[in-house]
Amino acid sequence: MNRYARQTCLPEVGEEGQARLAAARVLLVGAGGLGSAALPLLAGAGVGQLRIVDPDVVEESNLHRQTLYRMSDIGRSKVEAAAEALSALNPDCRIDPLQARLDPALARAELSGADVVIDAADSFAVTYALSDLFLAGGVPLISASVLGRSGYAGGFCGGAPSYRSVFPDLPALVQSCAVAGVMGPAVAMLGSLQAQMALSVLLGHAPSPLGQVISVGLATWRSAGFRFDTAPEPEVAGPAVLSRSDLDPADLVVELRPVEESPGLPVPHALRLGSAEAAKFDPPPAARVVFVCATGLRAWRAAQALALRHTGPVAILADGP
């Protein structure tokens with residue numbers, strides 16, 4: 001009995017489907033909690049190539065939810081530790097690790113040849129950047145987010161509407177796992193959903209997970225879902241997400257971080273403004289204004305506020321480590 005016998009016996013998979021998985025290339029962004037759940041399932045299912053992008057190293061506080069790693073991995077690059085574990089799980093799967101922070105420029109470079117992209121970074125700046133890029137490129141994007149004991153997973157682009165069509169703007173309050181906390185099983189459930197969605201896209205299952213959002217609330221023991229196949233793209237899109245290489249010398253670049261948080265400027269001609277100053281900032285009408293912060297959250301809010309009174313383009317740059 002071969003490795004995939006319990007999978008290929010399913011009529012919706014079979015030997016033909018297994019061959020499709022073996023020929024597939026999946027790009028996964030974020031080897032944290034979501035990625036730790038999704039990656040072993042994808043490798044175990046026989047996906048031929050997994051490209052993993054993440055900038056971080058393993059920390060002890062990761063281990064309660066990032067179960068791909070062990071105590072001996074603390075201090076190691078997550079992508080290298082993940083590649084080692086996944087190769088041991090299934091040597092037939094080619095693992096390509098890249099220790100880097102994904103920005104739009106890197107995403108464009110990694111787009112070539114990807115059959116499905118899994119957004120497991122749980123970063124709104126990454127999600128919007130990927131969605132904008134892959135909507136134009138026609139590549140399926142499986143994104144998820146989790147906080148506390150609840151979260152959602154959805155399939156975007158690749159012929160379905162974009163992430164912006166469902167989430168045109170940020171909620172009033174956006175927190176991180178580091179601040180608000182998260183439980184491991186909730187993360188694992190959402191990461192597993194991402195893996196199942198990606199496999200279903202690769203196998204051509206119907207109904208497709210593209211155009212579908214599934215939400216899970218483990219505090220109330222409820223789940224829900226909806227389809228958004230006909231959702232219109234927003235007439236006025238939110239701010240574009242840029243990388244440093246996208247900046248133009250004519251851009252008005254506004255650094256929102258104080259000197260103690262970010263001693264250097266993203267470009268020499270950048271302005272450094274506090275929140276109160278940024279709220280009163282009055283740039284020339286046609287200028288493109290790019291707000292900069294670590295995660296993109298402060299930049300997004302400043303850009304949204306400026307867009308109400310500025311006729312030129314507004315963008316953000318998430319410039320964290």
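Colleague: Which residues do the ring pairs link into a cluster?

Modeller: That would be F124, Y128, Y152, F156, Y163, F167, F226, F228 and W300. Just so you know, this is a predicted model, with residues numbered from 1 along each chain as its sequence is written. Local features need pLDDT of at least 70, side-chain atom pairs count only at pLDDT 80 or more, totals for chains, interfaces and linings use all residues, and side-chain values use heavy atoms, with hydrogens and water left out.

Colleague: What makes F156 and Y163 an edge-to-face pair?

Modeller: Rings of Phe, Tyr and Trp (its six-membered ring) pair if their centres lie within 6.5 Å; planes under 30 degrees apart are stacked, over 60 edge-to-face, and the rest tilted. Here the centres are 5.2 Å apart and the planes make 65 degrees, so both cut-offs are met and the pair is edge-to-face. The structure holds 9 aromatic pairs. Both F156 and Y163 are buried (buried means under 20% relative accessible area, exposed over 50%, partly exposed in between, with a 1.4 Å probe and protein chains only).

Colleague: Why is β6 called largely enclosed?

Modeller: Because 6 of its 7 residues are buried. As for the label, helices (H or I, at least four residues) and strands (E, at least two) are DSSP runs, numbered from the N terminus.

Colleague: How do you know that β6 pairs with β5, and in which sense?

Modeller: Two strands pair if DSSP finds at least two bridges between them. Strand β5 (residues 141-147) shares 7 bridges with β6, in the antiparallel sense, so the pairing holds. One of the partners is easy to spot: S145 is bridged to Y152 in β6. The hairpin has 2 residues between the strands, and G148 takes a positive phi near 65 degrees there. β6 also pairs with β7, antiparallel again, over 5 bridges, and A153 has I214 of β7 as its bridge partner.

Colleague: What makes the phi of C157 worth a look?

Modeller: Most residues other than glycine have a negative phi. C157 is not a glycine, yet its phi is positive, near 60 degrees. C157 sits in the loop between β6 (150-156) and α7 (163-166), and at 0% relative accessibility it counts as buried. W221 also has a positive phi, about 60 degrees, without being a glycine. W221 lies in the loop between β7 and β8 (222-227).

Colleague: Is W221 buried or exposed, and how do you know?

Modeller: Exposed, because its relative accessibility is 71%.

Colleague: Where is there a cis peptide bond, and what is its omega?

Modeller: Between A206 and P207, with omega about -5 degrees. Most peptide bonds are trans. P207 lies in the loop between α9 (184-203) and β7 (212-217).

Colleague: Why is β12 described as largely enclosed by the rest of the structure?

Modeller: Strand β12 (residues 289-293) has 5 of its 5 residues buried, which is why. Both faces are covered, with V289, F291 and C293 on one side, V290 and V292 on the other. β12 runs parallel to β10, joined to it by 4 bridges, and V253 has V290 as its partner in β12. With β13, β12 pairs in the parallel sense over 5 bridges. From β12 the chain passes through helix α11 (residues 297-307) to β13, in a right-handed β-α-β crossover.

Colleague: What makes a crossover right-handed?

Modeller: With the strands pointing away from the viewer, the path from the first strand over the helix to the second runs clockwise.

Colleague: Why is the contact of D319 and R244 called a salt bridge?

Modeller: A salt bridge needs a side-chain nitrogen of Lys or Arg within 4 Å of a carboxyl oxygen of Asp or Glu. The closest N and O atoms of D319 and R244 are 2.7 Å apart, so the pair qualifies. The two are 75 residues apart in the chain. D319 is buried, at 17% relative accessible area, while R244 is partly exposed at 42%. R244, E255, R257 and D319 are linked in a network of salt bridges.

Colleague: How many salt bridges does the structure hold?

Modeller: There are 13. Among them is E110 with R25, whose closest N and O atoms are 3.5 Å apart. That pair links helix α5 (residues 104-111) with strand β1 (residues 25-29), and both residues are buried.
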